[in-house]
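Trainee: I have a model open and want to learn how to read it. Where do we start?

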Amino acid sequence: MGLINRIKKKAVVCFSAAVLCVLTACTISYKFNGSSINYDKVKTISFDNFPNRSAAFVWGPMESMFNTALQDKYMQQTRLRQVRQNGDLQLSGEITNYDAYNKGVGSDGYSTMAELRMTVNVRFVNNSNHAEDITDQQFSASREYNSSQQLSSVQEELVTQMIDEIVEQIFNATVANW
């Protein structure tokens, strides 16, 4: 009798421990969305338009592509509510450079590779913690392409890639403080 009771007690303890482990595993959840925002203090974000002030090239769609990608990143990966102005977080800046450079020269003396570069100047204000403010920080990206291709045939794809990279850099510098 004593042996059977001890086995029953051990079975109940093991079963209880297994249930506890399962429940604990099911209730702990981590969301790695890339942001470390204190939502008790920060609830809103405002964006100023980032105009294209590049002296070299101006490609019409780039400005709206950048502004849309930047706003989408924050709206998709945070719980912040976008407001027109005076957000708890405020982002402003401008596209300061967009240019193409010859990258490589072949034996015939002509360019074989070209590099497209984009630079964005950013100002960031965190009204709940001004120690995190950013004043005029530059974020850049570049992409190479074969210079035998017309820029117009590869421009949209390359600009999209550069915008994604720069937006990721800005997001990491402003709200991914982990």
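Here a trainee and a mentor talk through a helix, a core and some salt bridges.

Mentor: Start with the ground rules. This is a predicted model, where local features need pLDDT of at least 70, side-chain atom pairs count only at pLDDT 80 or more, and totals for chains, interfaces and linings use all residues. Residues are numbered from 1 along each chain as its sequence is written, and side-chain values use heavy atoms, with hydrogens and water left out.

Trainee: How many residues does helix H2 have, and how far does it reach?

Mentor: Helices (H or I, at least four residues) and strands (E, at least two) are DSSP runs, numbered from the N terminus. H2 covers residues 60-77, 18 residues in total. From first C-alpha to last, H2 reaches 27 Å, close to the 26 Å expected at 1.5 Å a residue. That expected span is 1.5 Å times one less than the number of residues.

Trainee: Which residues of H2 are buried?

Mentor: First the idea: an α-helix has 3.6 residues a turn, so residues three or four places apart point the same way. Buried means under 20% relative accessible area, exposed over 50%, partly exposed in between (1.4 Å probe, protein chains only). In H2 the buried ones are Met62, Phe66, Asn67, Ala69, Leu70, Lys73 and Tyr74. They cover an arc of only 160 degrees around the axis, so they sit on the same side of H2. The arc is taken from the directions from the helix axis to the C-beta atoms. Exposed Gly60 and Gln76 are on the face turned away from that buried side.

Trainee: What do the buried residues of H2 pack against?

Mentor: Contact means heavy atoms within 4.5 Å. The partners are strands S1 (44-47), S3 (89-105) and S4 (111-126), plus helix H3 (151-175).

Trainee: Which residues touch the most other members of the largest nonpolar core?

Mentor: A nonpolar core is a set of buried Ala, Val, Leu, Ile, Met, Phe, Trp, Tyr and Cys residues joined through side-chain atoms within 4.5 Å. This one has 38 residues, and Phe66, Leu70, Tyr74, Leu91, Met118, Val120 and Ile170 touch the most other members. H3 gives the largest share, 11 residues.

Trainee: How many salt bridges are there?

Mentor: A salt bridge is a side-chain nitrogen of Lys or Arg within 4 Å of a carboxyl oxygen of Asp or Glu. The whole structure has 8. In one of them, Arg123 meets Glu94 at 3.0 Å, N to O. Arg123 is in strand S4 and Glu94 in strand S3, so the pair ties together parts 29 residues apart in sequence. Glu94 is buried at 10%, and Arg123 is partly exposed at 26%.
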